[in-house]
Amino acid sequence: MISLNGSSLLSNTGISTSFSQSRRNVPSSPSIVMVAQSNNNPNRKEKKIGAVSSNGSTTSAAANEIKEIDSKSTIASGGVQDFYGEDQATEDQLVTPWTTSVASGYSLLRDPHHNKGLAFSEKERDAHYLRGLLPPTVVSQDIQVKKMMHNMRQYKVPLQRYMAMMDLQNMNERLFYKVLINNVEELLPVVYTPTVGEACQKYGSIFRRPQGLYISLKEKGKILEVLKNWPEKNIQVIVVTDGERILGLGDLGCQGMGIPVGKLALYTALGGIRPSASLPVTIDVGTNNEALLKDDFYIGLRQKRATGQEYSELLDEFMSAVKQVYGEKVLIQFEDFANHNAFELLAKYRKTHLVFNDDIQGTASVVLAGIVSALKLVGGTLAEHTFLFLGAGEAGTGIAELIALEMSKQTKAPIEETRKKIWLVDSKGLIVKSRKESLQHFKEPWAHDHEPIRNLLDAVKSIKPTVLIGSSGVGQTFTKEVVEAMSSFNEKPVILALSNPTSQSECTAEQAYSWSNGRAIFASGSPFDPVEFNDRVFVSGQANNAYIFPGFGLGLIMSGAIRVHDDMLLAASEALAAEVSQENYDNGLIYPPFSDIRKISAQIAAKVAAKAYELGLATRLPQPLNLVQYAESCMYSPDYRSYR
């Protein structure tokens, strides 16, 4: 007999909580143990209730008899004895939340890890006491997927689709992933960008059931205990945010949890990481968003964001506790931290932990892959092109550094030289040497010799870049004049508007194609519909990090890597670029379709793992002979399992 605790209590539906037999070693049996806890009611005498078998008889003589209790306190409406004190309980009476635990019957239907809904077979319905709890029809998982997509398409508002998918994840985990994998191109914008941005903004009002761990300043000094509250013990990947820079939407505090939840859903759907091996975490140190602090529905700490030593100590405790609980090889992915913290955390922990920042490294890898692909359309080597960035934050500088690294690798030139082919514009204008004393440290390598320039248009006209990259988080900054200027000295200008969500994109696909007279090679961070221009249909690519991080993470996990090396990022970029077919190029695409994403992820995982073995950073020995096949064999399948 157990008392409800942790995630069990949160998932309780009022009848019981369900644990899998494999996790709790509970035999598949109708027998249950009922325990009642006395409370402070002076009219109530102690109750003794024994184990009850399937035929209704008690299993011990001592438990055979339930002592008489005052009739007034045991008779509820309809004459039902109130053994558990539910009708008399008040908020000031302390009651232990006792429950039953058995992976059968009604509780099985409420367990998202094992529920199959109408797909339970006739044999399973008999074996697991489901008769009468389900309609008589048995349907296949494929029919369930078809039904879910039919229902999903009835919603006209993207946020409604998002909520429907989250409800499905909390109700039937395998069906959720089956639906997502089979319809990835349609549902990716629903479970992640751009819809997840709106979901985070409204997270407090749509909050239903908690997902992941919330670690706030209240838990300082107790984070090790908090991690142990999580029911799964074999965690392989953690996505963590502090909510300070959610997409291009700013400080959303605790409501940034939608990002780790969404990222890990993609880790499973696209990269095959088991759901039970992933853990979403939000570090809540407050928020500087006044609107949220005044919002009745806000779910986080109602205080200004902690900084300095208090912030550092909390993160130190978290990183130490994670390593202590889950070991050296757990992957910790930093997500949507503000620039000043993102760079510092990555630099601080990359030598002691297996850490990865998707905004800095993942974005860089996917953009580099797109640029390598674009060269097949525009010609020339990487070193023969000039790059201009609008935005010099973690995404912009991360992309710039990886381009410089790849250029250095190809030409054997020092990275200090290859950086000179890359120019950055921030909110104060072109980054040049005369500004060096006032620059943040991560911008300093990009301060080149040039006269100061205040705006992007003048920078484009002066630098004459062949590739224009937007990572500013500010919408509509690639104006008509900017695109026309790019088109005036480039036959095929490469224009990448990467900021998310859609409202923050530097320009739309339609604007890029029409303003360049159909000559632009365009990709964006958020998806855009096909564009018809001059009797042609242009389908733009999406430089989505989801191409990279699921396969990248799988490669680290399957090789048992203990650190992330920049060469692994280059390997991931090369693997992704290699997946673009001639047919894709003929359609102007510089990224492959997401419909093949699991195969792409396996290729990326194999290249990343191979690099880990080459660098001596892998611990799973010996190295598999065929890493692609091994990656595919490691992938989680959402198909239903048959139950004994």
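This report describes the fold, the annotated active site, a set of paired strands and the aromatic contacts of one protein chain.

## Overall architecture

The structure is a predicted model. Its chain contains 27 helices and 18 strands. Of the 644 residues in the chain, 55% are buried. The accessible surface amounts to about 28,200 Å², and carbon and sulfur atoms account for 50% of that area. Contacts also reach across the sequence: among those between residues at least 6 apart, 71% join residues at least 24 apart.

## The annotated active site

Which residues carry the active-site annotation? An unreviewed UniProt entry places the feature "active site" at Tyr-192 and Lys-263. The two positions are spread over 72 residues of sequence, yet they cluster in space, with a largest C-alpha distance of 7.4 Å.

Their settings in the chain can be described in turn. Tyr-192 belongs to the loop between α9 (184–191) and α10 (195–201), whereas Lys-263 is part of helix α13, which covers residues 258–271.

Is Tyr-192 buried or exposed? Its relative accessible area is 5%, and a residue counts as buried under 20%, so Tyr-192 is buried. The same cut-off of 20% applies to Lys-263, which is buried because its relative accessibility is 2%.

The contacts of the two residues complete this picture. Leaving aside neighbours within four places in sequence, Tyr-192 is in contact with Ile-259, Gly-262, Lys-263, Leu-266 and Glu-335. With such neighbours again left aside, the contacts of Lys-263 are Tyr-192, Val-239, Gln-333, Glu-335, Asp-358, Asn-545 and Phe-549. The two annotated residues therefore touch each other, as contact means heavy atoms within 4.5 Å. Glu-335 appears among the contacts of Tyr-192 and also among those of Lys-263.

## Strand β13 and its partners

Strand β13 consists of residues 467–470. It pairs in the parallel sense with strand β10 (residues 387–390) over four bridges, and within this pairing Phe-389 stands opposite Ile-469. Strand β13 also runs parallel to β14, to which four bridges join it. Here Val-467 has Val-494 as its bridge partner, and Gly-470 is opposite Ala-497.

Which residues of β13 are buried on each side? Val-467 and Ile-469 lie on one side, Leu-468 and Gly-470 lie on the other, and all are buried, which leaves both faces of the strand covered. In β14, Val-494 and Leu-496 point one way while Ile-495 and Ala-497 point the other way, and all of these are buried as well.

The chain then leads to Ser-505, in the loop between β14 (494–497) and α22 (509–515). Ser-505 counts as buried because its relative accessibility is 2%. Not counting residues up to four places away in sequence, Ser-505 touches Val-474, Gly-475, Gln-476, Ala-497, Ser-499 and Phe-528. One of these contacts, Ala-497, is the residue of β14 that faces Gly-470 of β13.

## Aromatic rings

The count of aromatic pairs comes to 13. Two of these pairs are set out below.

| Ring pair | Distance between centres | Angle between planes | Arrangement |
|---|---|---|---|
| Tyr-513 and Phe-522 | 6.0 Å | 70° | edge-to-face |
| Tyr-547 and Tyr-591 | 5.3 Å | 15° | stacked |

Why are the two pairs labelled as they are? Planes over 60 degrees apart count as edge-to-face, and planes under 30 degrees apart count as stacked. The angle of 70° therefore makes Tyr-513 and Phe-522 edge-to-face, and the angle of 15° makes Tyr-547 and Tyr-591 stacked.

The stacked pair links distant parts of the chain, as its members are 44 residues apart. Tyr-547 is in the loop between β18 (541–542) and α23 (549–559), and Tyr-591 is in the loop between α25 (582–586) and α26 (597–614). Both Tyr-547 and Tyr-591 are buried.

In the edge-to-face pair, Tyr-513 is buried at 2% relative accessibility, and Phe-522 is buried at 1%. These two residues also belong to a cluster in which ring pairs link Tyr-513, Phe-522, Phe-528 and Phe-538. Phe-528 is, in addition, one of the contacts of Ser-505.

## Charges over rings

Charged side chains also lie over aromatic rings. Lys-116 is placed over the face of Tyr-643, 4.7 Å from the ring centre. The charged end of Arg-419 sits over the ring of Trp-446, at 5.8 Å from its centre.

Definitions and conventions
Residues numbered from 1 in each chain as written. Predicted model: local features only at pLDDT ≥ 70, side-chain atom pairs only at ≥ 80, totals over all residues. Heavy atoms only, no water. UniProt positions renumbered as here; feature names shortened; annotations may be inferred. Helix = DSSP H or I, 4+ residues; strand = E, 2+ residues; numbered from the N terminus. Buried < 20%, exposed > 50% of the residue type's maximum accessible area, 1.4 Å probe, protein only. Phe/Tyr/Trp six-rings, centres within 6.5 Å; stacked < 30°, edge-to-face > 60°. Lys NZ or Arg CZ within 6 Å of the ring centre and 35° of its normal. Areas by Shrake-Rupley, 256 points an atom, 1.4 Å probe, with all protein chains shown as cover. Pairing = 2+ DSSP bridges.
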